[in-house]
Amino acid sequence: MKYHIITIEREYASGGSEIGTRVGLQLDIPCYGKEVLERAAEKMNTVPERLVQLEETTSNSLLYSLGMANRIALGERDGLSEEGALYVTEESVIREMALQGPCVIIGRCAGWILRDREDVLRVFIHADKEFRKKRARTCYGIEEAKVDNILKRFDRRRANFYRANTCMHWDDKKGYHLVLDSSQLGISACADLICRTAAGEE
């Protein structure tokens, strides 16, 4: 396999998590999503729900966004806030997962964290709004009246968390090898394309 690690960032309800799961099954490798948060919670002696709250704080804090990413990028670890400690812990978890062997890692800046490795395939999944609204309703049970706000909230949270910890734009195509539109290609085709690319097929 040309790429041993596949990282996937995705717009909310674009099918990125399902695509990642399918890729893992097709390549017979682990797929990590919420497991990153669970392992980080164990290391920090807390519960995943608390870490979700911290991620929300990170995503909404302009001061954190302006200051913390530069400190982390420069390797400064002393005196980190609880939010900064979360990112450093998640970074450690992701690196440990990657060292264990080929895998798929969904979200949490994994592609950026593993940017020093040449065997990492970085993927971004997006989709048009109607496709995402339909998936939000049918897959996640979101009420029609709340769908638009939920899409905006989760996309903003993911984009802000990524920018706060990397100083990069979450949806900048220059940060990825593959940028796939799941509403045009379909979930199965996206998974197949990722598998073929990871295998080094033309």
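This is a walk through the structure, one selection at a time.

Keep in mind that the model is predicted, so to speak from the record of settings: local features need pLDDT of at least 70, side-chain atom pairs count only at pLDDT 80 or more, and totals for chains, interfaces and linings use all residues. Residues are numbered from 1 along each chain as its sequence is written, and side-chain values use heavy atoms, with hydrogens and water left out.

**The whole chain**

Show everything as a cartoon. You should find ten helices and five strands; helices (H or I, at least four residues) and strands (E, at least two) are DSSP runs, numbered from the N terminus. Of the 202 residues, 48% count as buried, where buried means under 20% relative accessible area, exposed over 50%, and partly exposed in between (1.4 Å probe, protein chains only). Contacts here are heavy atoms within 4.5 Å. Among those with a separation of 6 or more, 74% are between residues 24 or more positions apart.

**The sheet**

Now select the strands. They make an open sheet of five, in the order β2-β3-β1-β4-β5, with parallel pairing. The edges are β2 and β5, each of which pairs on one side only. Two strands pair if DSSP finds at least two bridges between them.

Start from the β2 side. β2 (residues 31-32) pairs with β3 over two bridges, in the parallel sense, and Cys 31 has Val 104 as its bridge partner. On to β1 (residues 5-10), which is joined to β3 by four bridges; there Ile 6 is partnered by Val 104.

Which way do the side chains of β3 (residues 103-106) point? Cys 103 and Ile 105 go one way, Val 104 and Ile 106 the other, and all are buried. That fits the usual pattern: in a regular strand the side chains alternate between the two faces of the sheet.

Next, β4. β1 and β4 pair in the parallel sense over six bridges, and Glu 9 has Phe 124 as its partner in β4. β4 is mostly covered, with five of its seven residues buried. Across the other side, β4 and β5 share four bridges, again parallel. Pick Val 123 and you will see Leu 178 as its bridge partner in β5, while Ile 125 stands opposite Leu 180.

Add α10 (residues 187-198) to the view. This helix packs on the sheet, touching β1, β4 and β5, and its direction makes about 165° with that of β5. Axes are lines fitted to C-alpha atoms, for helices over the stretch in contact, and angles run from 0 to 180 degrees between N-to-C directions.

**Rings**

Colour the aromatics. Rings of Phe, Tyr and Trp (its six-membered ring) pair if their centres lie within 6.5 Å; planes under 30 degrees apart count as stacked, over 60 as edge-to-face and the rest as tilted. The count by this rule is four aromatic pairs. Zoom in on Phe 124 with Trp 170, an edge-to-face pair at 5.2 Å centre to centre with 80° between the planes. Phe 124 lies in β4 (residues 120-126) and Trp 170 in the loop between α8 and β5, so this pair ties together parts 46 residues apart in sequence. Both Phe 124 and Trp 170 are buried.

Then select Tyr 12, Tyr 140 and Phe 154, which ring pairs link into a cluster.

**Arg 132**

Stay with Tyr 12 and add Arg 132, found in helix α7 (residues 129-140). Is Arg 132 buried or exposed? Its relative accessible area is 7%, so Arg 132 is buried. Arg 132 and Tyr 12 are 120 residues apart in sequence but 7.3 Å apart in space, C-alpha to C-alpha. Beyond four places along the chain, Arg 132 touches several residues, including Tyr 12, Glu 11, Leu 151 and Asp 155.

**Around α8 and the loop after it**

Select Thr 166, in helix α8. Thr 166 is buried, at 4% relative accessible area. A polar atom of its side chain lies 3.0 Å from the backbone nitrogen of Met 168.

Last stop: His 177, in the loop between α8 (144-166) and β5 (178-181). With 40% relative accessibility, His 177 counts as partly exposed. Leaving out neighbours within four places in sequence, His 177 is in contact with Tyr 3, Val 120, Leu 121 and Arg 122. Its C-alpha atom and that of Thr 197, 20 residues apart along the chain, are separated by 9.5 Å.

Definitions and conventions:
A polar contact is a pair of N or O atoms within 3.5 Å; within protein, one must be able to donate a hydrogen and the other to accept it, and residues adjacent in sequence count only if both atoms are side-chain atoms.
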